[in-house]
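Here is a short report on one complex. The sequence and the model come first, and the reading follows.

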Amino acid sequence: MGTFAFLVLAALLIGSALAVVLHPNPVKSAMALVATLFLLAIVFVLLGAHMIAVLQIIVYTGAIMVLFLFVIMLLNLGDEEVPTEWPRVVLRGLAGMAGALMALQLVRLVAGAPLGRMVDAPEGYGGALMVARSLFTDYVLPFELTGLLLLVAVIGPVVLAQRRGR
Amino acid sequence: MVPISWYLTLSAVLFAIGAVGVVIRRNVIVILMAIEIMLNAVNLTFIALARQLGSVDGQVVVFFVMAVAAAEAAVGLAIIVAFFRNRESVNVDDLASLRW
Amino acid sequence: MKDLVLSLIAEGGALAGVPFSLAAPLVMVAFGALVVFGFVLPIAGITSWLERRVWARIQSRIGPNRVGPQGFLQWLADGLKNLLKEDIIPSAADKWLFSLAPYLVVVGFIATFAAVPFTSSLIIADLNIGILYITAVTGIVVVGVLMAGWSSNNKWSLLGGIRSAAQIVSYEIPAGLSVFPIVLLTGTLSMQGIIRAQGWAPWDWFFFYNPFTFAAFFVFFVAALAEGNRTPFDIPEAESELVAGFCTEYSGMRYLLFFLEEWGNLYVIGAIVTTLFLGGWQVPAFTDNPMLLAVAQFGTFFLKAYFFVFVAMWVRATLPRVRVDQLMTVCWKYMVPIAIVNMLGTAAWMLFVPETLGRLVQFGMTGLGAVVVVVFFRRVRFHLRRANLKPSDYYYSPII
């Protein structure tokens, strides 16, 4: 049952990720990315990370992807033309092959990793309480720094979006 | 329970797809999206290994990655909009000049 | 839910002897289907009929009154009509996304019911991150709306979709921040946990807990209305500006699905507000009979939640639509700061206010609320009476 679910999810994930990369229309790429991120949230649930899965949906589907779609629609982008002149086509093919090689190497690396036996998840694993406890004790400093980063990320776009000379 | 190495394999494949996307696409927004795929592939690795070790430290790291990804998307898209205003294009080939 | 399944297995009947790991998903799926077809769809339909009637009444019209007693079956007739209508997909539209979008919207809305409680034991899944889950699945609706707007290949639709996305993403922030005072107080994100932390009496509700939660209630309700694209925040489908916004090109069943979401979502808003601020299904323990208690709990919860559906109708009939810039101003310049103050204020309250003083404040605020309600109804009675008098009778009347 778990294996079957994982295989279906993995196939859908790889399919939608390929659609993001290969579809010439940016809006459809973005829609495929929404699907990818949503499916990843389900994979996170399979791995017991409930809190992170919900955050993934809130942050990615609810905010980041809406921002992406918003900008694409605002700029009214059409299809990206697929290159036909031969250097581009050859280079694309080479990039694809390099990617496949990279995937192969990475898979060889991680599939053979000496992982040992899986530890049983403790009670309440991946829930809000456990993540929060870790976040506000061991990782307080990075957490505060993240707050600073987000503040900068709020101010930055406002500055960038202003037209000069006003 | 599916062995963790399967999740790691999935994450490796997703990462490679994202990397290829960054290389072959010319639209800056799609390149940003491919980077999101790569970030998420890494997130999957963190969560899978966190499950393997039975600790939530990996999940906390994913939390930070999400915050950074949100910041990156906001600033990156603002830069793209500013660029589009000047050049009427989102093609990376038009982004090559250092000044104009 | 777990207890219910366990008791069903133990007491016999259809589930006797079935192992828990098989029975639990079975009961959950059955209950989920029951909730969707026996509760969500009728509630959305009846709300559509009631809204038209209430709205008509407020505007001195009659409203639909032909199908069934008082027009009660109007929603069934409308549903059937739309089901039988031709399903038109514009030739310039993107067929795939155009047909997918309404389903995405409906899935995002129906998925919220997985964490909406009905009684103390009836809830599809009492997730330990319940309220966050509801916020998350509501996010899917935004994607559906954007998809509908873009794939219609129509300027009005696109503008409607973009407006809606901007609005929902913005108002998610005050709504989310208004949940935090309650989460701080209860220390849990589970819907049932939040209700258990309150009591049946109004002074035990978080609505009257302190001035900050009182304000948080209003911020949340307004933000939720805006998230549901309701008047006065319905600029994404403003008829006078954008034809019908993102659903301009839709017809038949797909058009109906958007409105199923809108009307059904009103009940979800009411249910969340009831859970967070108004004590949910809490009733005084007046009987030992669990069946009777469950019925009372369901009734209490439903009445409280449906009251807010009525308030939303009332607001829609009363207020004019806001402009786009006003919409954003209200959200970012007023509601977000107020929501942050509420959060910090509640945290400070928990730290510094002694229990006896807090108790006094609760009673005082409940009293104040009661006074407001009494004054309101006196005012309504006064106006009703005045409406029946000749102008010469009331103009110099001392009671004005």
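## One residue and its neighbours

A:Phe68 touches residues of two chains. Setting aside neighbours within four places in sequence, its contacts are A:Ala30, B:Ile29, B:Met33, B:Ala73 and B:Leu77. The model is a predicted one.

A:Phe68 also belongs to the largest nonpolar core, which has 176 residues. Together with A:Met65, A:Phe68 has the most contacts inside that core. H3(A) makes the largest contribution to this core, with 17 residues.

## Confidence

For the complex, the predictor gives an ipTM of 0.88 and a pTM of 0.86. Chain C has a mean pLDDT of 83. In chain C, 90% of residues reach 70 or more.

## Which chains touch

Two pairs of chains touch, and the pair with the most contacts is chains A and B. Chain B and chain C are not joined by any contact. The closest C-alpha atoms of chain B and chain C are 14 Å apart.

## The fold of chain A

What secondary structure does chain A have? Chain A holds six helices and zero strands. In sequence order the pattern is α-α-α-α-α-α.

Chain A has a radius of gyration of 21 Å, against the value near 15 Å for a compact globule of 166 residues. Along the principal axes, the C-alpha trace of chain A spans about 55 × 50 × 25 Å. Buried residues account for 31% of the 166 in chain A. Take the contacts in chain A with a separation of 6 or more: 55% of them come from residues 24 or more positions apart.

## Domains of chain A

The assignment divides chain A into domain 1 (1-81) and domain 2 (127-166). Taken over C-alpha atoms, the centres of domain 1 of chain A and domain 2 of chain A are separated by 23 Å.

## Where chain A meets chain B

How many residues does each chain bring to the contact between chain A and chain B? Chain A supplies 66 residues and chain B supplies 61 residues. On the side of chain A, these elements give two or more residues: helix H1 (2-22), helix H2 (26-46), helix H3 (50-75), helix H4 (86-111), helix H5 (128-137) and helix H6 (140-161). By class, the side of chain A that touches chain B has 52 nonpolar, eleven polar and three charged residues.

The contacts of A:Phe68 include four residues of this partner: B:Ile29, B:Met33, B:Ala73 and B:Leu77.

## Where chain A meets chain C

The contact between chain A and chain C takes 18 residues from chain A and 20 residues from chain C. On the side of chain A, H2 and H3 each supply at least two residues. H3(A) gives the most, with 13 residues. The classes on this side of chain A are 14 nonpolar, four polar and no charged residues.

H3(A) therefore recurs in this account. H3 of chain A is among the elements on the side that touches chain B, and H3(A) gives the largest share of the 176-residue core.

## The fold of chain C

Chain C has 14 helices and zero strands. Its pattern along the sequence is α-α-α-α-α-α-α-α-α-α-α-α-α-α.

Why does the radius of gyration of chain C agree with that of a compact globule? With 400 residues, a compact globule would have a value near 21 Å, and chain C has 23 Å. Along the principal axes, the C-alpha atoms of chain C fill a box of roughly 80 × 65 × 45 Å. Of the 400 residues in chain C, 42% are buried. Among contacts in chain C between residues at least 6 apart in sequence, 76% join residues at least 24 apart.

## Domains of chain C

Chain C is assigned domain 1 (87-353) and domain 2 (354-400). The C-alpha centres of domain 1 of chain C and domain 2 of chain C are 29 Å apart. Their contact takes seven residues from domain 1 of chain C and nine residues from domain 2 of chain C. On the domain 1 side, the residues are six nonpolar, one polar and no charged.

Methods. Residues are numbered from 1 along each chain as its sequence is written. Chains are lettered from A and ligands numbered from 1 in the order in which they are written. This is a predicted model: local features need pLDDT of at least 70, side-chain atom pairs count only at pLDDT 80 or more; totals for chains, interfaces and linings use all residues. Helices (H or I, at least four residues) and strands (E, at least two) are DSSP runs, numbered from the N terminus. The radius of gyration is taken over C-alpha atoms; the globule rule is 2.2 Å times the number of residues to the power 0.38. A residue is buried if 20 or more other C-beta atoms lie within 10 Å of its own, exposed if 12 or fewer, and partly exposed in between; C-beta atoms are placed from the backbone. Ala, Val, Leu, Ile, Met, Phe, Trp, Tyr, Cys and Pro count as nonpolar, Asp, Glu, Lys and Arg as charged, and the others, Gly among them, as polar. Domain bounds come from an automatic or database domain assignment. A nonpolar core is a set of buried Ala, Val, Leu, Ile, Met, Phe, Trp, Tyr and Cys residues joined through C-beta atoms within 7 Å. pLDDT is the predictor's confidence in each residue, from 0 to 100.
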